[in-house]
Amino acid sequence: MSLDDYILSLKNYKGFAGDIVCHRTIAPRLPIFADPGLKLTHDLGPLLAALGIPQLYIHQKRAIALIKKGVNTVIATPTASGKSLIYNLPVVDELLENSKSRALYLFPLKALARDQLDTVQHLLDLAGSPKIKAGMRPGIKSGIKSPKLTAAVYDGDITAHHKAKIRRCPPHILLSNPEMLHLAMLAHHHLWEDYFSNLKYVVIDEVHTYRGVMGSNMAWVFRRLLRICRRYGSEPVFIFCSATIANPASLAQKLTGLAVKVVDEPGAPSGQKEVLMMRGLEGAAQTAIALIHSAVARQLRTIIYTQSRKITELIAIWASRRAKGFADKICAYRAGFLPEERRIIEKKLASGELLAVVSTSALELGIDIGDLDLCVLVGYPGTIMSTWQRAGRVGRNGKASAMILIAHEDALDQYFINHPDAFFNMPPEKAIINPDNPIILKQHLVCAAAELSLKQGEPFLKDAQIQKAITDLEYQGKLLRSREGGIWYSARKSPHREVSLRGTGNTIPIFLEDTQQNIGNIDKHRSYFETHEGAVYLHGGKSYAITVFDHEKGVVEARQRDLPYYTRARSSKSTTIIQQLDSCIVQGTRVGYGLLRITEQVIGYERKLTATQKSIGIVPLELPKLEFETQGIWIEISDEVRDKIESDRLHFMGGIHAIEHAAIGIMPLLVMTDRNDLGGISTPFHPQIGKAAVFIYDGIPGGLGLSKQAFDKAKDLLEQTLAVIVSCPCETGCPACVHSPKCGSGNRPIDKFSAKSILEMILTDNHTLSRENAQKLKVLGSEKPDQGSESMSQSKPDLKYGVLDIETRRSAQEVGGWNKAQRMGVSCAVLYDSSSDEFHTYLQEDIESLCQHLQRLDLIIGFNIVRFDYKVLSGLSSFDFHGLPTLDLLMKVHEILGYRLSLDHLAQQTLGCKKSADGLMALEWWTQGEMEKIIEYCTQDVRVTRDLYRFGHENHFLLFKNKTGHQVRAPVPW
């Protein structure tokens, strides 16, 4: 049957009576062709003719002209508008002119790069064929044989031998992905010198996906790429291809720091598209299954998009079980599948062997999955941009197609179901990135320093936030500053593998129990919520029970089991305001914006029957707390409002909890995000604010700038939240207004009417806030001053400190090991007293006098004093040496650098002096009775330790030589 028949039968089906709320037809768009003639070095007309392209569209010609002029360009036109031809033609033109030139094609997914390889190589083969070349006017010299133009994929799936071959002889066009650029190319740029020195074009496909965490990471990857290119003398032109978004130029500029021109007027045609919106009265998942069965029975090729990995698996399982005749025609597809699993599915879908695939956003991008007929959205994707991007995956080549949106019960879906005009008229959103995210910023500064040492005077280092980050990294021992202070080196040779571009943490593997068979991967933070012991993990249509979750080692093991239930984590949260950055008055309340510290702990999980979603019990868990810093807003609720709510016998906590859920649900209307990128906490009393508050924050450590956008539209946020609650027909609250699918407390307590009353009071109360409320919030418990600041090094002017060192009578070997140091005995102890500026010597029989002297001092300083000197002395006295205020220089240096340095090394590099002897010589002197030599040696060690302390106190660093032979600083905050 045709697609029209499918739509007609769908609308006439009695089971969907009242379910379809809107059906609109989007008319086909006719092509707008450009005038003939391209301003390229070569006449590529014969090449276009060979490709079956008689004429270019207007956006193609304009973009090619900009690129050829050397202008960084972003093309933001709908799916299937011929964007790949735009970047391929200037690249081919350049390669025909100069075969030494190189181009980098960057795709967000490995599958996309591999999908494009054959197309690109075919184009290069055509361009290099004698027949085509004969028709090209300039640049082709008869009798001169030009080299074959080549393309290759460089990703993690090719062999080490193949990688080495590509590095030695790079292809003209290299197709890769962000991780390979970050981990393999930039990290080892010295192996790619010829490639980077001849790099002319960098193509970034699907640039709209570089938003949020990934985009913030990629902004630094591209800055590092430009830094490497400039090192080798190249300035490549950047070409960005994007789906339709509101800010393509500013996104590209933020990603690279370069000026960019935008081309966004589409000239390509598109087929007619039928768009239906359904309430999903039987539940979105059940409605989707009915649509799948009907489509597969009619041989309509269908893609179904869901909002989570779990529901993807569940719909595929349910659809296959209920249509056994078509079970092999339906499949799930999502991130977390192994690469080989994904490739098999892609091929089966493109060939028509599969008729329906249920996918997360993993198939939103342009992987070749053939010509599809029908797109089903199980829930609004979260952005208008993603909605039309997904719709664009069906009906290519001018074919008619259909998109069906089945609403979930949450607020945003219901908003569009009740306001279809808003859905069809809503403009695309902005893609937001935050390169200033402090976690991301610091990670990439360390990577940049490992690639090329950071040097004072580099333009990007002048930024105040970057300077602060560098100082922090110094004190964390991740950057090492040169003796003169103008160069920073990475403390590690290869820090790149600790940076996850698609998240702020690492992924961990999931193994089949008692085997090394990897069945999937999961983000470490997510693992606490989805792969704790007892969790049900769904993968490839199978269910697994998690049997081992070792959060410290990053080990997850699972056993395959057919279970009738799924699990959902329960958690508790709290928040601390680190710093208020801004505030505003909205009618009768204050909204704040600032930096927050979020503490969350998984305290249990709920089991819910798969068939009915009915809860069958909660299992307690004891997992460690997760803590991160981010950006957020908070809505203050005055005591007057609380008193009124409670006097009306409404549930105040249930009311603010409902406001939190409703506000998070509606925020994607104001900010390009998914509700899963946000978190919230409602508290009846927050000690720093002094009253009740509702917090909404970026769910990513460091923040992404989402909360700042919401703060700028605070009045709209509160008004939209109230509108959602008021317009929902339910009586006590539901997922369409105040329930959240990811609430850590199971949507308890919730009071919809209380939420409505609170918001109405806030938004209709124009009274002047009290003087106390109007004062700027003073955050309690302010943070420590920045490490390395002058204030940290200020000591009491009358501080009496002592510097202690001891020599022993016996070696570790003689007493049975270092763990028995208390048996070593003392030949002598030397204590420098700053109050008298004298060195005092104590023998073993004088230990009690030494203890009395130590008690008179404000600070005891030593080198390895805590682990060694105090342990030796404890074998001779019951005095509590570890209770003394102590500064162990070795421990402090180790805390910063992560490894130990000897006293002799630090003395030579910092002070230019050596130790006079060593411990073994002192033991030999003891056996020979040479006490004067032992005391002289011990005194010299005390003098060196004292001078190191003084140098560090005055200069805030000590000097040492790192593994590469550079003399660098070890920052010391004493």
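Colleague: What makes strand 16 and strand 17 paired strands?

Modeller: In this predicted model, three bridges join strand 16 (residues 479–482) to strand 17 (residues 487–490), and the two run antiparallel. Pairing needs at least two bridges, so these strands pair. One partnership to look at is R481, whose bridge partner in strand 17 is W488.

Colleague: Where do strand 16 and strand 17 sit in their sheet?

Modeller: They belong to an open sheet of five strands, ordered 15-17-16-35-34, with antiparallel pairing.

Colleague: Why are strand 15 and strand 34 said to stand at the edges?

Modeller: Strand 15 (454–455) and strand 34 (957–961) each have a single partner strand, so one side of each is left without a neighbour in the sheet. This sheet also carries a helix: helix 18 (residues 438–451) lies across strand 15, strand 16 and strand 17, at about 100° to strand 17.

Colleague: And the parallel sheet, what is its strand order?

Modeller: That open sheet has seven strands in the order 4-5-3-6-7-2-8. Strand 4 (151–153) and strand 8 (261–263) are at the edges, because each has a single partner strand. On average, neighbouring strands here are turned by 15° against each other, direction ignored.

Colleague: How do you know that strand 6 and strand 7 pair?

Modeller: Four bridges join strand 6 (residues 199–204) to strand 7 (residues 237–242). The requirement is at least two, so the pair qualifies. I204, for example, has F240 of strand 7 as its bridge partner. Elsewhere in the sheet, helix 8 (residues 178–186) lies across strand 3 (102–106) and strand 5 (173–176), running at about 125° to strand 3.

Colleague: Now the helices. Why is helix 32 called roughly antiparallel to helix 33?

Modeller: The axes of helix 32 (residues 919–928) and helix 33 (residues 931–955) come within 8 Å and cross at roughly 155°. Angles over 145 degrees count as roughly antiparallel, so the name fits. The contact is made by G919, A922, W925 and W926 of helix 32 with M931, K933, I934 and Y937 of helix 33. By class that gives six nonpolar, one polar and one charged residues. Helix 32 passes helix 33 in a left-handed crossing.

Colleague: What makes helix 10 and helix 11 oblique?

Modeller: Helix 10 (residues 212–231) and helix 11 (residues 248–256) pack at about 60°, with their axes 6 Å apart. Roughly parallel would need an angle under 35 degrees and roughly perpendicular 65 to 115, so this pair is oblique. G215, M218, A219, F222, R223 and L226 of helix 10 make the contact with K254, L255 and T256 of helix 11. Those residues divide into five nonpolar, two polar and two charged.

Colleague: Why is helix 3 also described as oblique to helix 4?

Modeller: The axes of helix 3 (residues 58–68) and helix 4 (residues 83–97) come within 9 Å and cross at roughly 40°. Roughly parallel stops at angles under 35 degrees, so this pair counts as oblique. The crossing is right-handed. H59, Q60, A63, I64, I67 and K68 in helix 3 meet L85, I86, L89, P90 and D93 in helix 4. Seven of these are nonpolar, two polar and two charged.

Colleague: Last one: how do you know that the radius of gyration agrees with a compact globule?

Modeller: For 974 residues, a compact globule would have a value near 30 Å, and the chain has 33 Å, so the two agree. The C-alpha atoms fill a box of roughly 105 × 95 × 60 Å along the principal axes, and the chain holds 33 helices and 35 strands.

Technical notes:
Residues are numbered from 1 along each chain as its sequence is written. This is a predicted model: local features need pLDDT of at least 70, side-chain atom pairs count only at pLDDT 80 or more; totals for chains, interfaces and linings use all residues. Side-chain values use heavy atoms; hydrogens and water are left out. Contact means heavy atoms within 4.5 Å. Axes are lines fitted to C-alpha atoms, for helices over the stretch in contact, and angles run from 0 to 180 degrees between N-to-C directions. A crossing is left-handed if the near helix is turned anticlockwise from the far one by less than a right angle, and right-handed if clockwise. Ala, Val, Leu, Ile, Met, Phe, Trp, Tyr, Cys and Pro count as nonpolar, Asp, Glu, Lys and Arg as charged, and the others, Gly among them, as polar. The radius of gyration is taken over C-alpha atoms; the globule rule is 2.2 Å times the number of residues to the power 0.38.
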